[in-house]
Amino acid sequence: MAQPNEGQILEALKTVRDPDRDGDVVSLGMIAGLVVKGGNVGFSIEVDPERGAALEPLRKAAEKAVENVPGVLSVTAVLTAETAGGGQNGSQPSAHDHDHGHAQPKSDVLLPEVGAIVAVASGKGGVGKSTTAVNLTLALAASGLRVGLLDADIYGPSLPTMMGIKGRPTSPDGKVLLPMENYGVKTMSIGFLVEQDTPMIWRGPMVMGALEQMMRDVVWGPLDIMVVDMPPGTGDAQLTMAQRVPLAGAVIVSTPQDLALLDARKGLNMFRKVDVPVLGVIENMSYFNCPHCGQRSDIFNHGGAHAAADAMGVDFLGEIPLDMAIRETSDSGRPIVVSDPEGAHAKAYRAIADAIWEKVGPGAGAGREAPKIVIQ
Ligand code: ADP
C-alpha cells in the first residue's frame, strides 16, 4: 500500500478548524513535531494551557481527519501546552489531555498505583545506564516485588532488546495499551511502537507527549516499584519526568572516569534543581575482568565514582565490573541477573537493588509529593 507523506497529512489537517479562532490548525501554526513512519503518524497540537481540557474534541477531530488519509494505519495526536519559557524550564506542568473527555486538574498525579518510581540516569550515553536499569529491575523482581520498567530513553530505546521482548503491545479497547512482559516485569518502550531501524526526530513537545502517553495510557496496574530508564543528559525528557512524575529518587550511573570528569555531576545537579532526591551513584565498568587470564585490571581509574560521590555528599551504591558476560547477556535479551542468578554480578546487582528499595520502599517514608521546580 502507498505510504502517506507529510504533505497529505497536513492537507487533511487543514480541514480541522480551531473552534475558538478563525482558521484551521495548520494555518494557525498549531501542528508540531509531525512524524510519518510507514503508515504510523504522530504529531502534537500546541494549545494555550487554559484551553487544554476543552480541546479534546479538536484532538479527536484531527486524529479522525488523518485516519482517513489512504495508507494511514495509526494516528497519535497529543495536545501540548507550551509554557511561556518555550517548555524548556516550565514551572507549570503541560496541559495534556489524555483522559478521553474529562476535564482533569493540571496537578493530577501520573502513575498513582505505583509505590515508588526511581529514575536511572547518566550524564552521557554509553556508560551502561540501560544495562544497569534492566539488571536492577530484574533484581527487584527476583526479590518478589511487583516491578515495572519504563523506557524513557525515547531517542535510543534499547529495553526491548535487553528484555528479550519482541512484538507490539495490544490494546483491549483502542484507547489504552497493555504493557509487554518478560521475566515477570511489565515493560513499556517507544521501541515497541516504532520501527527500530530509522532514527526518529523528536521535538520537545513530542517527547513530552510520548512520555505522558507511556505513563497515562498504559495499564500498569498496581506496582511496588517502577524503574525508569532515562535518556542520557539533562534535556526536556528529564525535566518532564521530574515535573510530571512523583519520582521517589534518581540513581546516577557513571564510569569511574566519567564522574571524575563531571559528566555525571551535571545529571546530579539537574535532579537537585527539580528537588528529586539523588539516591546515589553506581560505578559501572568499574574494573576489567579478563576472560582469558582471570586477572582484574583497573583500567578506568577504579574508585573514581566512589571518591567523587563522597566529595559530592551522595551515597555510593556499589560497583559493577566491565565484563564480557554482562554485555553478551544484556545484548542478547537474557540479562545476567536472570541468566546467571547465582553469579557474582547478579549478587552485586541484587545488593544495589536492595539498597535502593531500602531508600524508597514503604519502610523508608520517602515523600510522594510531586517535586517543585526551582529555577535558578
Ligand atoms: P547507555 O544506556 O548508558 O547508553 P548501555 O547500557 O546501552 O549504555 O551500554 C552500552 C554498551 O555497553 C552495551 O553494549 C552494553 O552491553 C555494554 N555494557 C554496559 N555495562 C557493561 C558492563 N558492566 N560490562 C560490559 N559491558 C557493559
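A backbone N or O atom of Asp-323 lies 3.0 Å from a nitrogen atom of the ligand, and I should like to open this presentation with that contact. Please keep in mind throughout that the model is predicted.

Two further polar contacts of the ligand deserve mention. At Ser-130, a polar backbone atom is found 2.8 Å from an oxygen atom of the ligand. At Ser-330, by contrast, the side chain is involved: one of its N or O atoms is 3.4 Å from a ligand oxygen. As for the surface of the ligand, 560 Å² is exposed when the ligand is taken alone, and the protein buries 83% of that. The pocket that holds the ligand is the second largest.

Let me turn to the shell around the ligand. Which of its 18 residues come nearest to the ligand? They are Gly-126, Lys-129, Ser-130, Thr-131 and Pro-321. By class, the shell divides into seven nonpolar residues, seven polar residues and four charged residues. Four elements each contribute at least two residues: helix H3, which spans 129-142, strand E10 at 278-289, strand E12 at 316-322, and helix H10 at 324-331. Which of these elements gives the most to the shell? That is H10, with four residues.

I now move to the segment that precedes H3. The loop between E4 and H3 contains Ser-122, and Gly-128 belongs to that loop as well. Is Ser-122 buried or exposed? Its relative accessibility is 2%, and Ser-122 therefore counts as buried. A polar atom of the Ser-122 side chain lies 2.8 Å from the backbone oxygen of Lys-124. Gly-128 has a relative accessible area of 13%, so this residue is buried too. Along the chain, Gly-128 and Met-285 are 157 residues apart, yet 7.9 Å separates their C-alpha atoms.

The next topic is backbone conformation. In general, most residues other than glycine have a negative phi. Leu-111 is not a glycine, and yet its phi is positive, at about 55°. Where does Leu-111 lie? Its position is in the loop that connects strand E3, residues 74-81, with strand E4, residues 114-121. With a relative accessible area of 6%, Leu-111 is buried, because the cut-off for that class is under 20%.

Tyr-183 provides a second case of positive phi outside glycine, with a value near 50°. This tyrosine is placed in the loop between strand E6, residues 180-182, and E7. Its relative accessibility is 31%, and Tyr-183 therefore counts as partly exposed.

Strand E7 itself covers residues 185-189, and Val-185 is found in this strand. Why does Val-185 count as buried? The reason is that its relative accessibility is 0%. Measuring distance in the model from C-alpha to C-alpha, Val-185 is 9.6 Å from Leu-145, and the two are 40 residues apart in sequence.

Finally, I draw your attention to Asp-224, which has its place in strand E8, residues 223-229. Its relative accessible area is 19%; since buried means under 20%, Asp-224 is buried. What does the side chain of Asp-224 reach? It reaches the backbone nitrogen of Arg-146, at 2.7 Å.

To close, I return to the ligand. Its polar contacts include a backbone atom of Ser-130 at 2.8 Å, a backbone atom of Asp-323 at 3.0 Å and a side-chain atom of Ser-330 at 3.4 Å. Thank you for your attention.

Key. Residues numbered from 1 in each chain as written. Predicted model: local features only at pLDDT ≥ 70, side-chain atom pairs only at ≥ 80, totals over all residues. Heavy atoms only, no water. Near = heavy atom within 4 Å. Polar contact = N/O pair within 3.5 Å; in protein donor to acceptor, adjacent residues only side chain to side chain. Areas by Shrake-Rupley, 256 points an atom, 1.4 Å probe, with all protein chains shown as cover. 1 Å grid on protein atoms, 1.4 Å probe; cavity = no way out; pocket = protein on both sides within 12 Å on 5 of 7 lines; lining within 4 Å. Sits in = over half its atoms within 2 Å of the grid points. Nonpolar A, V, L, I, M, F, W, Y, C, P; charged D, E, K, R; others polar. Buried < 20%, exposed > 50% of the residue type's maximum accessible area, 1.4 Å probe, protein only.
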